[in-house]
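Please open the structure in your viewer and keep the selection tool at hand. The tour goes from one stop to the next, saying each time what to select and what is there.

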Amino acid sequence: MAKLYVNAKNKLGKINKEIYGHFSEHLGRCIYEGIYVGENSEIPNVNGMRTDVVEALKKIKVPVLRWPGGCFADEYHWKDGIGPKESRKKMINTHWGGVVEDNSFGTHEFFELVEQLGCEAYINGNVGSGTVQEMSEWVEYMTFDGVSPMADLRAKNGHEKPWKVTYFGVGNENWGCGGNMRPEFYGNEYRRYQTYVRNYKADAPIYKIACGPNVDDYLWTEGVLQTCTDPMGRRARDFMNGLSLHYYTVPGNWGHKGSATEFDEKEYYVTLKKTLYMEKLIKGHGAIMDRYDPEKKIGLIIDEWGIWLDVEPGTNPGFLYQQNSMRDAIIAGINLNLFNKHCDRVKMANIAQMVNVLQSVILTEGEKMVLTPTYYVFDMYKYHQDAQLLESSIDTEEIGLEEKNMVPNLTESVSQAEDGTINITIANLSATDSYPVESILLEKEVTEVSAEILTGKITDYNDFDNEEKVKTAVFNGIVTEGNTLKFTIPACSVLHIAVK
């Protein structure tokens, strides 16, 4: 029997709600059709935003949304997306599918979406093909409350009062699609550009995020942080609040990533092994950050993560549309547990992406909408948002079909909400085996226990013909004995337990 120990008295730090953030790029059908259908659409909408999608996203309490990219951010010129829609410039989306981008979803539409969701705004600026002036004027347009050319232009376009920009990314993947820069060059460019990301609101300063590494490029992290530390005594934290990290789980290789729905147990465990590499990345980049920022003032911002698979047959390869199975749910559970347990350094994460792209929480087809297994994991884990991480540990054993791809059978994280409720989330990584668990809650008197579970075969998924094949259900299999909980967690499942 696996023992899960929870010390309710030992609080290890705050789990920022932003760890449960999302990412929406002008890519495929994420924005257009997925979120935004236009005011004249027959699909029910409020100011162009799909009502069904917005309501579903509100239920999982989306805390922050990153926009407009991704690679698209470094070819996006924001003035193309303001003013009367009939006069907005059209462009070819050279990164994603070669389709026409008509810019009907721009700055005003994004903030309309943010307002409907009730979340924070994370804007990604253009360093790769943009100018300092362009970025500076965008910040002024969005946030300045006074007399200025950009504030006047915003008012002329129908929004007199400024918006709140909580987070601002200075470039995206500048080591690659954002300009193929070297770390020292980007570090200097970052220092220059961020200077003009002005804090026009003293009581709401913008949280500035520097472009960080691709996967295990530790030289990039070192180079950027070193460049932002100088003989004048200024430290990296004087220039940045966050440093991004991008890592995608790819079961195969970039030429043939693997199918979203047709895979065997061997490929399943390979996928989970690659997903667990995230912890090594957090620790590796975190160790470099500790040297430059021992007080952990700079947050690690994992603003692109998830599984990247081959597109669904018959779809545009540039749209990155893929299905979402119970394997994806396990991947989400693993990553979110890791982010929780490293909340001392990980301050935000944004799954890629919100709708119809990569590891989406929602899929749409015309007026139809489907919630994916990943959606239900976010729904169960929302109780960790802004909660206190508790000390916890669980007994594990190595499982798998190949020695090189063995993984722990269980992962967990535990937090305490403001009302005292302890929320336990556990993922069972085994494709075939269930496990008895005994959870011992130290320094906690148990008065009430409730639980919900998501489980199924590793290849189970929801589609437009069977929308609820995979969904959460009440879990009644917990026996309480004093401060001990006993239960059996089924194979391939994610479990949430609330203890009062």
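Which residues of helix α4 (residues 149–156) are buried? Select the helix, bearing in mind that this is a predicted model, and colour Met150, Ala151 and Arg154, which are the buried ones. If you look down the axis of α4, the buried residues fall within an arc of 100°, so they line one face of the helix. An α-helix has 3.6 residues a turn, so residues three or four places apart point the same way. Now turn to the face of α4 that points away from its buried side, where you will find the exposed residues Pro149 and Lys156. To see what covers the buried residues of α4, add α2 (107–117) and α3 (132–143), which are included in that cover. Before leaving, step just past the end of α4 to Gly158, which takes a positive phi of about 105°.

Next, go to a pair of helices by selecting α6 (218–227) together with α8 (residues 277–292). The axes of α6 and α8 come within 10 Å and cross at roughly 25°, which makes α6 roughly parallel to α8, and the crossing is right-handed. On the α6 side, show Tyr218, Thr221, Glu222, Leu225 and Gln226, and on the α8 side show Lys280, Leu281, Gly284, His285, Ile288, Met289, Arg291 and Tyr292, since these residues make the contact. Divided by class, the contact of α6 with α8 has 6 nonpolar, 4 polar and 3 charged residues.

Keep α8 on the screen and add helix α9 (residues 326–341), whose axis comes within 10 Å of that of α8 and crosses it at roughly 25°. That makes α8 roughly parallel to α9, and here too you are looking at a right-handed crossing. The contact is made by Met278, Glu279 and Ile282 of α8 and by Asn335, Leu338 and Phe339 of α9; by class, these are 4 nonpolar, 1 polar and 1 charged residues.

From the helices, move to the backbone of the loops. Most residues other than glycine have a negative phi, and most peptide bonds are trans. With that in mind, select Leu320 in the loop between β12 (299–307) and α9, where phi is near 55°, a positive value in a residue other than glycine. Leu320 is also buried, with a relative accessible area of 7%. A further stop of this kind is Val215, in the loop between β10 (207–210) and α6, which has a positive phi of about 50° although it is not a glycine.

Two peptide bonds are worth selecting in turn. The bond from Trp67 to Pro68 is cis, with omega near 5°, and Pro68 lies in the loop between β5 (64–67) and β6 (91–92). The bond from Ala352 to Gln353 is likewise cis, with omega near -5°, and Gln353 belongs to the loop between β13 (346–352) and β14 (362–365).

Finish at Phe475, in the loop between β23 (473–474) and β24 (479–481). Is Phe475 buried or exposed? With a relative accessible area of 13%, Phe475 is buried. Leaving aside residues up to four places away in sequence, Phe475 touches Ala451, Glu452, Ile453, Phe487, Thr488, Pro490 and Leu495. One distance to display here is from Phe475 to Ile453: the two are 22 residues apart in sequence and 5.8 Å apart in space, C-alpha to C-alpha.

How values were computed: Residues numbered from 1 in each chain as written. Predicted model: local features only at pLDDT ≥ 70, side-chain atom pairs only at ≥ 80, totals over all residues. Heavy atoms only, no water. Axes fitted to C-alpha atoms, helices over the stretch in contact; angles between N-to-C directions. Helix = DSSP H or I, 4+ residues; strand = E, 2+ residues; numbered from the N terminus. Parallel < 35°, antiparallel > 145°, perpendicular 65-115°, else oblique. Left-handed = near helix turned anticlockwise from the far one by under 90°. Contact = heavy atoms within 4.5 Å. Nonpolar A, V, L, I, M, F, W, Y, C, P; charged D, E, K, R; others polar. Buried < 20%, exposed > 50% of the residue type's maximum accessible area, 1.4 Å probe, protein only. Arc of directions from axis to C-beta.
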